[in-house]
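User: Please examine the model shown below and answer a series of questions about its architecture. Formal answers with explicit criteria would be appreciated.

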Amino acid sequence: MIRPQLSLRRPLAVTAAALAGLATVLACTAAASAAPASPTPTATPTATATPSPTATVGSDDPSCVAAADARYTHTFDGLAGKASITLTNGPLCRGQEQELALVSYVTPSAKFAVPQYVLDKSIKKFTGVAPGELGVATLDFAVEVPNCYTQVDFVFGSKLIDPLTDTSDRYGDRKVGSPTGIGARSTGPRAWFNGGSGTCSAAPEVIAESDCDGNVELTLVNRSGNADATFTITGSGGFTDKVTVPLRKIEKRKLSAGEAQEITVAATGMKDFTGGWQKPEDCQQPEVGTPDASYESTCDKMVFRISNPEDGTPLTSVFTPNKGEPKKLTVEPGRTGTVSFPASKGLTVTVTGDLDSGGPLKWEQPKDCPSTGGGGAGGGDQDGGLPVTGAAAGAIAAGAAALLTAGAVLFVIARRRRIRFTA
């Protein structure tokens, strides 16, 4: 029997079906266990949120603000000179600060008028803090308000205007509570005030102080007044000056010796001051050089010599002999002067004036004077003795060298030195 040849079509079909089933099972299993699909190239990742500068205050990480973004509330009582301000969204960040000032003025009217002068001021500031630190939330201010017409301003910043005049700056929207500008950062009443009653007045005073050189320094005081004071000064030699002293201020003016002999100072609100230079008790007398005064007896003269030092004072003395006419001698500082009288037995000279001999000074004949054979200057009997004769030239010179000097200084009277001559 002949068997027909086997065909491959059936086994191949079965195999293909099995493979198809297996592929289907694998595909389902993979779909069930696969991870989510990756984002497409155009997908945007979600960003991590950062705290806003105005995050809620009081959280574990307190927020801070820049000074330009700070907001406040305030109170103000101008008549009492008081104000306060609170930072509502702070604290300020580290390195930031905001200054504020409360200032009071004295003014010429209960309404706005100029000129105005600062009476009192209070300046404080908010400062930034580091993360996690606490900052000051409220500042309180107080100033003195004058008991007359006044203006009180509460302003942002520390720059004050003094005096406030027609041509000076204005605070403008720097005033706390202004409707616009930096002043609008704070909520509350308008923080400026004009009022008071009564015209402000000055309380001028004058203090004069003399020095040892003849000058006078005037201290012009407006210590307790609440307005400026104007002083009019009149001195010797046609000197005049006018000085305006603001309230609570002091000014000084110095008058020279030529201007200070007679002084008058006038100002509204005080009795006129009159006076002039007066020598202070602690002034020291300037040092004056001591003159050198001496005299000598020679065989034919009695000679007086006065040497006045450069730092001395002019000296005038009178030399009065017991025989003959007196002589007057004046010696200027830095000069030397002499006066002499002919020698004679019993001659005495008394010195008076700026130099004082303290009594008569006697001429005494040197021992070796030559004999003249008579009773003149060099001869004759001395106290009953014999005349001296035969003196050599050398002996005469030796006798002339025997000088008697006096240099004892007594005292200074009327800027003069008195010297007592001693034999």
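Analyst: Ala, Val, Leu, Ile, Met, Phe, Trp, Tyr, Cys and Pro count as nonpolar, Asp, Glu, Lys and Arg as charged, and the others, Gly among them, as polar. The model is a predicted one, in which local features need pLDDT of at least 70, side-chain atom pairs count only at pLDDT 80 or more, and totals for chains, interfaces and linings use all residues. Residues are numbered from 1 along each chain as its sequence is written, and side-chain values use heavy atoms, with hydrogens and water left out.

User: How many helices and strands does the protein chain have?
Analyst: Helices (H or I, at least four residues) and strands (E, at least two) are DSSP runs, numbered from the N terminus. Counted in this way, the protein chain has two helices and 25 strands.

User: What percentage of the 423 residues of the protein chain count as buried?
Analyst: Buried means under 20% relative accessible area, exposed over 50%, and partly exposed in between, with a 1.4 Å probe and protein chains only. For the 423 residues of the protein chain, the buried portion is 33%.

User: Among contacts in the protein chain between residues at least 6 apart in sequence, what percentage join residues at least 24 apart?
Analyst: Contact means heavy atoms within 4.5 Å. Of the contacts between residues at least 6 apart in sequence, the portion joining residues at least 24 apart is 59%.

User: Which residues line the largest cavity, and which strand supplies the largest share of the lining?
Analyst: On a 1 Å grid over the protein atoms alone, a cavity is a set of points where a 1.4 Å probe fits but cannot get out, and lining residues have an atom within 4 Å of a point. Grid points are joined across faces, edges and corners, and a volume is the space filled by probe spheres set on the points. One cavity of 30 Å³ or more is counted, and the largest has a volume of about 30 Å³. Its lining consists of I306, L315, S317, F319, L329, V331 and L355, and the largest share, three residues, comes from strand 18.

User: How do the residues of this lining divide into nonpolar, polar and charged?
Analyst: Strand 18 (315–321) and strand 19 (327–331) each supply at least two residues of the lining of the largest cavity. The division of the lining is six nonpolar, one polar and no charged.

User: Which residue stands opposite P321 in strand 21?
Analyst: Two strands pair if DSSP finds at least two bridges between them. Strand 18 and strand 21 (residues 348–353) run antiparallel and are joined by five bridges. The residue opposite P321 is V349.

User: Which residue in the turn between strand 21 and strand 22 has a positive phi?
Analyst: Strand 21 and strand 22 (residues 360–362) run antiparallel and share three bridges, with T350 opposite P360. The two strands form a hairpin with six residues between them, and the positive phi, about 75°, belongs to G358.

User: Which strands stand at the edges of the open sheet with the order 4-3-6-8?
Analyst: This sheet has four strands with antiparallel pairing. Strand 4 (117–127) and strand 8 (192–195) each have a single partner strand, so one side of each is left without a neighbour; the edges are therefore strand 4 and strand 8.

User: Which residue stands opposite S104 in strand 4?
Analyst: Strand 3 (residues 97–106) runs antiparallel to strand 4, with 10 bridges between them. L102 stands opposite S122, and the partner of S104 is D120.

User: Is Q98 buried or exposed?
Analyst: Q98 lies in strand 3, where eight of the 10 residues are buried. Setting aside neighbours within four places in sequence, the contacts of Q98 include Y72, L92, K124, F126 and F156. With a relative accessible area of 10%, Q98 is buried.

User: What distance separates the C-alpha atoms of G128 and P91?
Analyst: G128 is in the loop between strand 4 and strand 5 (138–142) and is partly exposed, with a relative accessible area of 23%. Not counting residues up to four places away in sequence, G128 touches L92, C93, R94, G95 and Q96. G128 and P91 are 37 residues apart along the chain, and their C-alpha atoms are separated by 6.6 Å.

User: Which residue in strand 12 is the bridge partner of I233?
Analyst: Strand 11 (residues 229–234) and strand 12 pair in the antiparallel sense over six bridges. The bridge partner of I233 is D241.

Definitions and conventions. 1 Å grid on protein atoms, 1.4 Å probe; cavity = no way out; pocket = protein on both sides within 12 Å on 5 of 7 lines; lining within 4 Å.
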